Amino acid sequence: MAEAHPRLAGTATELALLLALATLWGASYTFIRIGVATIPPITLIACRTLIAGLLLLAIMRWRGVRIPVDAATWRRFLFQTCLNSVIPWTMVAWGAQALDAGVATILNSTAPIFTFFLTLAVTRHEAVTSRKLLGVIAGMAGICLIVGVQALSGFGEELAAQIVMVLAAICYAGAAILGRGFKDLDPIVPAAGSLLCGAALLIPVSLVAERPWTLQPSTSSILALVALAVFSTALAFVIYFRLIRTLGSVGTTAQAYVRVPIGVAVGVVFLGEQPSSTAWIGLACVVVGVAAMTIPERKRSAAAA
């Protein structure tokens, strides 16, 4: 009798974590919308990174995990936070002001494409197979079908904002590849280090540009900020660096595809929205794409079962 594949249980865990990451980052858009109602964006992001970084630092001390003290590692943390947080978050916030939601969603979901081609052309740090390419294409097609093909009509109308959104996706792709360099560390370490570096960059800008001591944030904005920091940042970043180590950079950025059907489902359940007529076909494409990019290929056994 053939034995079960030894990696199936582990793969199921990683796929569950990928779904959790997509959900946490998908929810961040709602938290941000509520937060910026009374908290300016730079201050919101600065507080988000600071609270999350300090929380993870406290958990590290409780677990007995030591933070690196060498300058080289902290330079890598700084570069990581620029690619994964500070620069793309600013780009997305600016670009989203001028774009329709459908176009913004599609452009913000292209990170797996750039991760695949950067890996193929530059780093070659993991296998880039035809199956992964199929996954990239299927996932992108699924996004277009879920959002609605009518959203494609908006391309080219706000070119500067669209270019900025694509550049943000390239930043996410570069961050996923760079994150492979932390595979020798506990996932909580680069998560905490990069967030603290992000806070160090953003807090001075917030103090100068937005004078946060003059603000009177509402209770809902404060609660949204706390949820954003604790769940969509601290917890999400730990999962992110764990998946970078296990699924690889192409597989981990596949969560960008998963976020879209999750967002659509939230709109249907809580807001009574109606998905596009092609949404179910798109969802099937996304499932196929994510599976192709994340589930490991089974090696043929030389021995008969």
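## Helices, rings and a cavity in a predicted model

Reader: In this predicted model, what span should helix H9 have at 1.5 Å a residue, and how far apart are its end C-alpha atoms?
Author: Helix H9 covers residues 219-246, which makes 28 residues. At 1.5 Å a residue the expected span is 40 Å, the rise being multiplied by one less than the number of residues. The end C-alpha atoms agree with that expectation, since they lie apart by 39 Å.

Reader: On which residue is the kink in H9 centred, and which residue with a positive phi follows the helix?
Author: The kink in H9 amounts to about 35°, the bend being the angle between axes fitted to the seven residues ending at a position and the seven starting there. Its centre is Ala 236. Beyond the helix, the residue that follows H9 has a positive phi, near 85°, and this residue is Gly 248.

Reader: How many helices and strands does the protein chain have, and what percentage of its residues count as buried?
Author: Read from the N terminus on, the elements run α-α-α-α-α-α-α-α-α-α-α-α, and the chain accordingly has 12 helices and zero strands. A residue counts as buried under 20% relative accessible area. Of the 305 residues of the protein chain, the buried share is 47%.

Reader: Which distant parts of the chain are linked by the aromatic pair of Trp 25 and Tyr 240?
Author: A search of the whole structure finds 10 aromatic pairs. One of them joins Trp 25 and Tyr 240 in a tilted arrangement, with 5.5 Å centre to centre and 45° between the planes. The two residues are 215 residues apart, and the pair therefore links distant parts of the chain, with planes neither under 30 nor over 60 degrees apart counting as tilted. The parts in question are helix H1 (residues 8-35), which holds Trp 25, and, for Tyr 240, helix H9.

Reader: Are Trp 25 and Tyr 240 buried or exposed, and which residues form the cluster of linked rings?
Author: Both Trp 25 and Tyr 240 are buried. Ring pairs also place these two residues in a cluster, whose members are Trp 25, Trp 74, Phe 77, Trp 89, Phe 182, Phe 237, Tyr 240 and Phe 241.

Reader: How many cavities of 30 Å³ or more are counted, and how much space lies in the largest cavity?
Author: Rolling a probe the size of a water molecule over the atoms shows where empty space is left. Counted with a threshold of 30 Å³ or more, the result is one cavity. The space in the largest cavity is about 50 Å³.

Reader: Which residues line the largest cavity, and which helix gives the largest share of the lining?
Author: The lining consists of Gly 179, Phe 182, Lys 183, Leu 185, Pro 187, Pro 190, Phe 241, Ile 244 and Arg 245. By class these are six nonpolar, one polar and two charged residues. The largest share, three residues, comes from H9.

Reader: Is Gly 142 buried or exposed, and how far is Gly 142 from Pro 261 in space?
Author: Gly 142 lies in helix H6 (residues 130-147). Its relative accessible area is 0%, and Gly 142 is therefore buried, as the limit for that class is under 20%. Although Gly 142 and Pro 261 are 119 residues apart in sequence, their C-alpha to C-alpha separation in space is 9.3 Å.

Reader: Why does Val 136 count as buried, and what distance separates its C-alpha atom from that of Ile 113?
Author: Val 136 also lies in helix H6. Val 136 counts as buried because its relative accessibility is 2%, where the cut-off is under 20%. Val 136 and Ile 113 are 23 residues apart along the chain, and the distance between their C-alpha atoms is 5.9 Å.

Reader: Where is Arg 211 found, and what is the value of its positive phi?
Author: Arg 211 is found in the loop between helix H8 (188-209) and H9. With a relative accessible area of 46%, Arg 211 is partly exposed, as exposed residues are those over 50%. Although Arg 211 is not a glycine, its phi is positive, at about 45°.

Technical notes:
Residues numbered from 1 in each chain as written. Predicted model: local features only at pLDDT ≥ 70, side-chain atom pairs only at ≥ 80, totals over all residues. Heavy atoms only, no water. Helix = DSSP H or I, 4+ residues; strand = E, 2+ residues; numbered from the N terminus. 1 Å grid on protein atoms, 1.4 Å probe; cavity = no way out; pocket = protein on both sides within 12 Å on 5 of 7 lines; lining within 4 Å. Points joined across faces, edges and corners; volume = space filled by probe spheres on them. Nonpolar A, V, L, I, M, F, W, Y, C, P; charged D, E, K, R; others polar. Phe/Tyr/Trp six-rings, centres within 6.5 Å; stacked < 30°, edge-to-face > 60°. Buried < 20%, exposed > 50% of the residue type's maximum accessible area, 1.4 Å probe, protein only.
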